[in-house]
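Thank you all for coming; I would like to walk you through one model this morning, taking the contacts with DNA before the fold itself. Please have the viewer open while I talk.

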There are 2 protein chains.
Amino acid sequence: MTAALRLVDAEGLEALTRRRLGEELGRDAMALYRHAPDREALLDGIVELVLEELDAEADEQDWQSQLRRGARSFRRLALAHPNVVPVLVTRPLLMPLGRRPAGTLRPLETLLRLLTASGFDPSTALHCYRLYVGFLYGHVINELQATAVEPDETDDLLRLGLHRLPAREFPLLRSVAGELAGYDGEAELEMGLDVLLSGFEQRLRGGG
Amino acid sequence: MTAALRLVDAEGLEALTRRRLGEELGRDAMALYRHAPDREALLDGIVELVLEELDAEADEQDWQSQLRRGARSFRRLALAHPNVVPVLVTRPLLMPLGRRPAGTLRPLETLLRLLTASGFDPSTALHCYRLYVGFLYGHVINELQATAVEPDETDDLLRLGLHRLPAREFPLLRSVAGELAGYDGEAELEMGLDVLLSGFEQRLRGGG
DNA sequence: GGTGTCCGTCTACGGTGTAGATCTACGTTC
DNA sequence: GAACGTAGATCTACACCGTAGACGGACACC
């Protein structure tokens with residue numbers, strides 16, 4: 001399983017094939033069948049493995065600090081395994097909640113405990129959890145977005161390939177090329193957290 | 001291309017194969033090659049086609065109402081084509097911005113115009129755009145998440161398959177089963193928009 | 001020693017994307 | 001009207017994929 005993750009990290013998702021993985025392990029491709037009945041199961045295993053790196057243990061800090069810490073940890077993990085992100089983010093769509101590996105459900109339980117212990121009632125805690133992970137998914141997708149098409153080029157417009165867009169139709173998009181090139185994922189995560197957490201707090205104080 | 005979308009809508013993503021699509025069109029599988037050089041290109045085409053349904057034209061309303069309208073439109077479109085969502089959300093990760101079909105870039109340009117026309121400077125407009133679409137991606141992933149494992153069952157805990165989780169380890173998750181079952185995507189979208197837009201407004205008033 | 005149970009291996013099948021050659025039909029040009 | 005160029009459709013073939021089912025060996029236990 002860790003070998004599968006290594007393979008995906010090194011060569012991308014489409015390199016994760018039974019024969020290729022078997023070769024990597026010095027075993028026959030069919031041997032893996034004993035451990036993972038499906039290709040789906042392989043993907044699930046990888047996701048679970050990656051999610052174990054998530055630092056979501058409760059500590060002494062207030063809930064806002066803990067959510068921030070979790071978010072940074074998630075971002076770090078996504079940056080460490082960019083090739084896994086597509087399936088990480090897509091997995092919930094294909095696998096019913098009740099069948100998901102326990103490892104992927106644990107962060108949910110942990111956050112529910114944190115929020116309810118901090119005064120949220122279970123219902124809004126769930127809403128906040130959803131908003132929170134939805135935001136994290138969205139952020140990671142944004143940050144890992146492929147932008148450069150000609151990495152060697154020095155001019156931003158050319159490097160991003162935006163020069164091919166008709167100037168008449170996309171004036172603003174072309175004008176923010178520099179901004180796009182200088183994207184700072186960490187800052188953007190914090191900005192999003194500011195918005196989100198202040199919204200949560202307002203809701204906690206009885207706003208909703 | 002519209003046939004490809006119809007096929008994916010009806011039978012899921014994995015049904016989208018050259019031979020299958022050719023059969024659907026009464027043509028040979030290889031004929032499609034003239035129109036789409038890649039399977040990737042097919043997926044891109046579908047995404048572009050779906051995104052054309054997005055209602056993001058400028059109108060007379062203030063920017064907040066317009067963002068709300070766009071968000072509702074995006075949600076509606078995702079619900080109409082649930083099978084497309086995985087690739088819709090994942091596409092930016094695999095395709096550099098400069099190579100994306102113009103149709104998928106137009107909403108970005110439109111929103112940049114809306115925001116800058118409303119007083120945002122280009123840099124924060126871009127930040128807000130990213131937060132906004134990130135939020136939308138996250139929301140539809142949440143809403144389209146597969147939950148039911150035993151749809152016929154009437155008891156929530158059993159229907160979601162949560163009864164198999166150890167009660168010791170997942171007490172809270174099990175306790176919100178009813179809440180999970182009664183998920184209201186529209187309400188959650190509006191709640192998220194409340195949080196997001198008030199955050200944007202604060203930033204517009206010079207808060208950031 | 002017998003036996004059952006893992007675990008790994010082999011062979012085989014259907015399905016997939018795609019390359020390359022070939023065939024077909026139609027608009028253009030003489 | 002005839003010849004031709006070309007775009008589009010089709011055929012054949014290849015490598016690769018996931019997976020089913022039969023087979024073989026190692027090992028623990030009775």
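Let me begin with a term: a polar contact here is a pair of N or O atoms within 3.5 Å, and within protein one of the two must be able to donate a hydrogen and the other to accept it, while residues adjacent in sequence count only if both atoms are side-chain atoms. This is a predicted model, in which local features need pLDDT of at least 70 and side-chain atom pairs count only at pLDDT 80 or more, whereas totals for chains, interfaces and linings use all residues. Residues are numbered from 1 along each chain as its sequence is written, chains are lettered from A and ligands numbered from 1 in the order in which they are written, and side-chain values use heavy atoms, with hydrogens and water left out.

Let me turn to DNA strand C. There are 14 residues around DNA strand C, and those that come nearest are A:Asp28, A:Arg34, B:Thr17, B:Arg19 and B:Tyr33; a residue is near a strand or molecule if one of its heavy atoms lies within 4 Å of it. For A:Asp28, a backbone N or O atom is placed 2.5 Å from a phosphate oxygen of DNA strand C, and for B:Arg39 a backbone N or O atom lies 3.3 Å from a phosphate oxygen of that strand. A:Arg34, by contrast, addresses a base: a polar atom of its side chain lies 2.2 Å from a base oxygen of DNA strand C. Taking the atoms of DNA strand C within 4 Å of the protein, 48% belong to sugar or phosphate and the rest to bases.

Which residues are closest to DNA strand D? They are A:Thr17, A:Arg19, A:Tyr33, B:Asp28 and B:Arg34, out of 14 that surround the strand. A polar backbone atom of A:Arg18 is 2.9 Å from a phosphate oxygen of DNA strand D, and an N or O atom in the side chain of B:His35 is 3.5 Å from a phosphate oxygen. The side chain of A:Tyr33 has an N or O atom 2.9 Å from a sugar or linking oxygen of DNA strand D. Of the atoms of DNA strand D within 4 Å of the protein, 52% belong to sugar or phosphate, and the rest to bases.

A:Tyr33 has a second partner, since the charged end of A:Arg18 sits over its ring, 4.2 Å from the centre; the criterion is NZ of Lys or CZ of Arg within 6 Å of the ring centre and within 35 degrees of the ring normal. In chain B, B:Arg18 lies over the face of B:Tyr33, at 4.2 Å from the ring centre.

Moving on to the fold, chain A has 11 helices and 0 strands, where helices (H or I, at least four residues) and strands (E, at least two) are DSSP runs numbered from the N terminus. The C-alpha atoms of chain A fill a box of roughly 60 × 50 × 25 Å along the principal axes, and 53% of its 208 residues count as buried, meaning under 20% relative accessible area, with exposed over 50% and partly exposed in between (1.4 Å probe, protein chains only).

Finally, confidence: the mean pLDDT of chain A is 94, and 99% of its residues reach 70 or more, pLDDT being the predictor's confidence in each residue, from 0 to 100.
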